[in-house]
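Open the model in a viewer and keep the sequence panel visible. The stops below run from the contact between two chains to the contact between two domains, and end at single elements.

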2 protein chains.
Amino acid sequence: MRRSIVDIREGSDFPLENLPYGVVSEGGSRHVVARIGDYFVKMGVLVERLPEVFDSYGFDHVDAGNVFSADSLNRFMDAGVEPRKATRRILTELLAEDGELNQLRNNPELKDEVVKPLDDPSISVQMPAVIGDYTDFYASKYHAENVGIMMRGKDNALMPNWKHLPVGYHGRSSSVVPSGTAVHRPNGQSVPANVDPPVPSFGPCQMLDFELEVACFVGKSSHLGNPITIENADKHIFGIVLMNDWSARDIQKWEYVPLGPFTAKNFATTISPWVMTWEALEPFRVPAEVQDPKPLPYLDGGSVRKTFDVTLDVSIRAPCGESPVRVCRTNYKHLYWTVEQMITHHSVTGCPMRAGDLIASGTVSGPEPESFASMLELAWKGTKPIQLGGENGERKFLHDLDETRACIFCDENVGREAIRALLRTCEPDSCVMVLIELA
Amino acid sequence: MRRSIVDIREGSDFPLENLPYGVVSEGGSRHVVARIGDYFVKMGVLVERLPEVFDSYGFDHVDAGNVFSADSLNRFMDAGVEPRKATRRILTELLAEDGELNQLRNNPELKDEVVKPLDDPSISVQMPAVIGDYTDFYASKYHAENVGIMMRGKDNALMPNWKHLPVGYHGRSSSVVPSGTAVHRPNGQSVPANVDPPVPSFGPCQMLDFELEVACFVGKSSHLGNPITIENADKHIFGIVLMNDWSARDIQKWEYVPLGPFTAKNFATTISPWVMTWEALEPFRVPAEVQDPKPLPYLDGGSVRKTFDVTLDVSIRAPCGESPVRVCRTNYKHLYWTVEQMITHHSVTGCPMRAGDLIASGTVSGPEPESFASMLELAWKGTKPIQLGGENGERKFLHDLDETRACIFCDENVGREAIRALLRTCEPDSCVMVLIELA
C-alpha cells in the first residue's frame, strides 16, 4: 500500500486505492470531488491550477475544465473510460508520497486549496449525479427463488423467463436519495391476511423492508436505436454505489399484478454518495459462475464472465440505542447476471442509456440464510423473527427509527461505505418530512 | 370564435382557443414558444419587450423573464397554475383582433419579431420538456379487460386490485421522443407459440403495436414525503399531449412476469410536441362515470369527478402510399381513473412529482370494437386482421414503414394534433437510426 501526502487515519475506508468520486456542497455551490481519507479533492480547482497535468495524462479530446467545473458527475461519467483512468492516475501520482507528480507535495498552499476536510460544517455531501432513469434488476437467483416461494409458492417460484434474461423493471428516479436522507414509512393500500374476496384498507405500511443492492452508474451515453453489445458494455460503466431499495411488502403484494412494483418502491431508494470506479474494483475481479442454460448469443460474450468478490454487510440498530447488529453478510459474486449483461439486455431494443442512469442489481441474497439481503427473507415472511438485542429487539420487519446500515468490503482496506437512514411513521394526515438524525 | 391578428388558415388545429406551448430550435438554440396557426410566439422575446404586461397580469411572485428564457417548458410548468392562466390571458388579448392589449396589433415590427412562421427551414420542433420520470397507467377498464382476456383468460382478466387503485408502472424517460422521430422495430426475446417448456429465440419483434394514450405533464413539483391530495391534484397538472406507447407484444408476453413490461416498451414512446393546457381543455369538462366500488377516501375527492369529452382517432397509412385509414375512434372520457386520481395515488407514499414528469393514461380503449386503441385489441391477437386497403393492406400488427397517426378533437376547432413516426426493421447487427420521412 502506498502512503499518501494526505493524513489518512488507520482503518479508513478511503485509502489511496479507493478514490471514489462524489459531489459536495460548499456555501451553496456544488463541486465535483474525489474522496481520500476524511478529505475531498476539488477537481475543478485542480484542473484550473494544473491544466498541463491533465493535458499530458490523456485528456486528449476531452475538455477537463468543462468536465470538472460541473455541479454533478454526469459530464465526467459521459467522458468515458480513458479520461476516468487518466484522472485516477493523476490523483494517485499527486497524492502518493512517492508519486511522480510533485505539484501538491511541494506546494502546501496549493494542496490546502485543493484538498479540503470533509468535517467542515459548511460542507455537505450531495447526490453524485443527476439520475436520468433508474432501473432495478432482479439478478440474484437466491433472492428471486425466496421471494417467488413466498409470493407464489414453490412451484411457480422462478418464472420460466428468469434464467434466459436478466429480469428488471423501470424504477422511479425522483425518489433516489443520498445516504442520510430521512425515509419515512409510506402509506398505501394493502389487504389484511385472510380477507376473501380481497378488500383493501389504507394506512401506514406494516411490512417495511430493506433490500441490499449494488447499483451501477452508467458512464458513456448511448443513443436511441443503438444497442450496446456485450463486448462493449463495460465501456458504458462508470462505477458503483451501495443501494437500499426500501420496500413496502404489504403494499407490493396487493399492487404488483400485472405491471410490477410501483408505490411499494417509489417512496425512497437510498444510495451511498461516493461512487467507486470500475478501476478501483479491478483487483477484486473473479470469474462468474457458469450459466446453465447458456444464454442467447447477444448476452454471451464468448469469454468467461467476470464479477467481483466483494463482501456486503447489513446491520440494523434499534432505536433504544443498542449497538448495530449485523443481520446479513453476502457477496456480490452471488449474482447470476453481470452488470454487463444487464446493460446489454436493457439496451437491446435500442433504448438509450445516459450518463448518470442508475442500474441496480436487485437484492444481493446468497445461498445461506445469513446471506439473505432483505428482512422478508431473513425473517421468512415474519415466521422467523430476528433479534436485534435488548427489549423490543425482535423484528419481523423494520420498526420506526431502526437504522439500517450497509457496508461493502473489498478487502481490509478498500471501499467500505455506509448507508444510513432513519425510519419514522408519517401519519396519513401529516406530510412533514422527518428530520434526519445521523448516527 | 375571436379572430386573431395572426393569419390562421381555415380548419387549423391551432386557433386562438388552443394556444399550446412547446419548444423550437432556431439556429441551434432552443426557445419556449406558444403556437398559433402555423406560427409560434417567442415567449422570451415577448417578456423582454413587454415586461410591464406580465407584471400587471399576475406574475406577482414569479420571474417571467427567468421562466421564458429557458430552453424547455420545465420552469413554466413548475411556476404553477396562476402564471399559466395569466400567460394565456396575455396571449389571448395580444393576439385577438379585439384584444384589450394592442402592443402587437399596433406595432408590426414588434409583431414580426415575436410571432414567427413555423415553416422556416431553420426551425425544428423539439421535446417540450426535460422529462424527469415517465409513468404509464392502465386506466381504461376496457383495455385492461381486453388484454387480460388475451394474456390470462377471461377468469383472470381484471386483477382484484384494478378497481381499487389506478394500476401503473414506471416507464423509461430516455426513450420518450417527439412526433416525427424514426422508430425502429426492436429486437428481443420471445417464445414461439406452442413451445413447451418455453425456450426463447432472439430476433426482430413480430408483434409490433401502437397504444393510443393521453399523457399529462406535471406542473408544480412536490417534494419527498409530501403526498399530493386528491383535492390539490389539479394544481400539479400542466397540460396534455398525445402519446403512442409503442409496444412489442411478443417480447412483452415473455418478459413481463413478475415485474412488469420492460424492453417491450423502452425502445420508443412518441409524444406530440405541443402541450395543450388544462385551461384550453376546460370547455370540454364533463362528469366522469360513477365508480363502483367507491374508491378509498384518499382517492375520492367527495365531489363529482370530472373528465374531458374529447374524441381521439388513430389512422394508419401503409407504405404503398395509400391514404391513411382510420382504425380507431375513441374518447378520453372512457378512462375509469382520472389523472387527478393517478397523481394522488402515485404520490401517496411521498414520491416526489417533478415539473416535467409525464403521467400517461394507458391505452384509451372504449367499449366498442372500433374504439379499441391498440392493434392487439383491434385485430384481437391476430385473429381478426384489419384492412388498410390496397395490396398488402391486411394487418395483424404493424408492418415496416406503416405510419401511425393519432389525433385529438376537442370540437371542430380546437386541438387536433398528429403523431407521426415511421417503422422499419433494424437487423440485429445494424444499429443505425432510420431516417425519418415525414408524411
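## Between the two chains

Between chain B and chain A there are four salt bridges, a salt bridge being a side-chain nitrogen of Lys or Arg within 4 Å of a carboxyl oxygen of Asp or Glu. This is a predicted model, in which local features need pLDDT of at least 70 and side-chain atom pairs count only at pLDDT 80 or more, while totals for chains, interfaces and linings use all residues. Residues are numbered from 1 along each chain as its sequence is written, chains are lettered from A and ligands numbered from 1 in the order in which they are written, and side-chain values use heavy atoms, with hydrogens and water left out.

Select A:Arg172 and B:Asp357. They form a salt bridge, and their closest N and O atoms are 2.6 Å apart.

Next, show polar contacts across the two chains: 32 residue pairs are in polar contact, both residues at pLDDT 80 or more. A polar contact is a pair of N or O atoms within 3.5 Å; within protein, one must be able to donate a hydrogen and the other to accept it, and residues adjacent in sequence count only if both atoms are side-chain atoms.

Now colour chain B by element. Strands E6 (134-137), E7 (168-170), E10 (187-190) and E11 (201-204), with helices H8 (249-255) and H10, each supply at least two residues of the side of chain B that touches chain A. Helices (H or I, at least four residues) and strands (E, at least two) are DSSP runs, numbered from the N terminus. E7(B) gives the largest share of that side, three residues. By residue class, the side of chain B that touches chain A has 32 nonpolar, 23 polar and six charged residues. Here Ala, Val, Leu, Ile, Met, Phe, Trp, Tyr, Cys and Pro count as nonpolar, Asp, Glu, Lys and Arg as charged, and the others, Gly among them, as polar.

Widen the selection to the whole contact (heavy atoms within 4.5 Å), which takes 61 residues from chain B and 61 residues from chain A. The two chains bury about 5,900 Å² between them, 63% of it on carbon and sulfur atoms. Buried area is the accessible area (1.4 Å probe) that two parts lose on being put together, summed over both.

## Between the domains of chain A

Select domain 1 (21-125) and domain 2 (134-436) of chain A; domain bounds come from an automatic or database domain assignment. Their centres, taken over C-alpha atoms, are 31 Å apart. Domain 1 of chain A puts 17 residues into the contact and domain 2 of chain A puts in 18. Together the two domains bury about 1,500 Å². A:Tyr21, A:Met77 and A:Arg84 supply 42% of the area that domain 1 buries against domain 2, more than any other three residues.

Stay on A:Arg84, which forms a salt bridge with A:Glu279, the closest N and O atoms being 2.8 Å apart.

## Two stops in chain B

Select helix H10 (residues 339-347) of chain B: nine of its nine residues are buried, among them B:Glu340 and B:His345. Buried means under 20% relative accessible area, exposed over 50%, partly exposed in between (1.4 Å probe, protein chains only).

Finish at B:Ser371, in the loop between strand E22 (358-360) and helix H11 (375-378) of chain B. Is B:Ser371 buried or exposed? B:Ser371 is buried, because its relative accessible area is 4%. Leaving aside neighbours within four places in sequence, the residues in contact with B:Ser371 include B:Cys328, B:Arg329 and B:Val364.
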